[in-house]
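Q: Please take one helix of this protein and examine it closely, in terms that a first-year student can follow. Please also set that helix in the context of the whole chain.

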Amino acid sequence: SLHGLERLSTTIASRDSELRSLLDKANGVTGTLEAHDAQISRLISDSNLILTTVKQQRAVIHDLLVHTASLAQQLSGLVADNRAVIGPALDRLHSTLHLLRQHQTQLRQVLHLTAPFARDFTDTLGNGRWFETIVSNLTNAAGKVSLGNSGNP
């Protein structure tokens, strides 16, 4: 047993320089940490702020998802409730579009022929509350102009 104790003492003694070097390096790390104590403290504080912000954003995103799911459910119900009204209205709209496409040439011609009338009508009523117009064949059989009950020619 003395022989074992001697070997243990020899081993510890041989590693003494390594242990001193390890303790010196640990002391250096401790010194560095102490020198940067304020920075480490600020880093921990900033990390806490970041984690708090992430937690708040997670709650906001969760609420957004919940409300979006609720909106989708309500819109699905709205569509289902109004399908009987919307379906026939869309069918009538499609048939009207089909009819307008069939008669597109005639509609263009009507617009082309109506343009002079619209221009003249605008010119006639474009003077405010008075209007100017020409009425042909306004005379009676005697060649006099009749303006109603006033008796004035």
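The answer below begins with the whole protein and then turns to one helix and its neighbour.

A: The structure shown is a predicted model. The protein contains four helices and zero strands, and its elements follow the order α-α-α-α from the N terminus. Of its 153 residues, 1% count as buried. The protein exposes about 14,300 Å², of which carbon and sulfur atoms supply 62%.

The part chosen for a close look is helix α2, which covers residues 16-35. Its length may be considered before its side chains. At 1.5 Å a residue, the 20 residues of α2 should span 28 Å. The C-alpha atoms at the two ends of α2 are 28 Å apart, which agrees with that expectation.

The surroundings of the helix come next. A residue is called buried when its relative accessible area is under 20%. Among the 20 residues of α2 the number buried is zero, so this helix lies largely in the open.

Helix α2 also holds a pair of charged side chains, D16 and R20. Their side chains meet in a salt bridge, with a distance of 3.3 Å from N to O. The count of salt bridges comes to one. D16 and R20 are four residues apart in α2, which is about one turn of the helix. An α-helix has 3.6 residues a turn, so residues three or four places apart point the same way. The two partners can also be described by their accessibility. D16 has a relative accessible area of 34% and is therefore partly exposed, since that value falls between the limits of 20% and 50%. R20 reaches 53%, and because exposed means over 50%, R20 counts as exposed.

Helix α3, residues 37-102, offers a useful comparison. A straight helix with the 66 residues of α3 would reach 98 Å at 1.5 Å a residue, but the end C-alpha atoms of α3 are only 84 Å apart. Helix α3 bends by about 65° at R83. Thus the end-to-end distance of α2 agrees with its expected span, whereas that of α3 falls short.

Helix α3 also contributes to the surface of the protein. A nonpolar surface patch of about 590 Å² is formed by V85, I86, L90, L93, L97, L100 and L107. Helix α3 gives the most to this patch, with six residues. One of the patch residues, L97, lies in α3. L97 has a relative accessible area of 35% and is partly exposed.

Note on methods. Residues numbered from 1 in each chain as written. Predicted model: local features only at pLDDT ≥ 70, side-chain atom pairs only at ≥ 80, totals over all residues. Heavy atoms only, no water. Expected span 1.5 Å × (residues − 1). Buried < 20%, exposed > 50% of the residue type's maximum accessible area, 1.4 Å probe, protein only. Salt bridge = Lys/Arg side-chain N within 4 Å of Asp/Glu carboxyl O. Areas by Shrake-Rupley, 256 points an atom, 1.4 Å probe, with all protein chains shown as cover. Patch = residues over 30% accessible without salt bridge, like charges linked within 9 Å, V, L, I, M, F, W, Y side chains within 5 Å. Bend = angle between axes of the 7 residues up to and from the residue.
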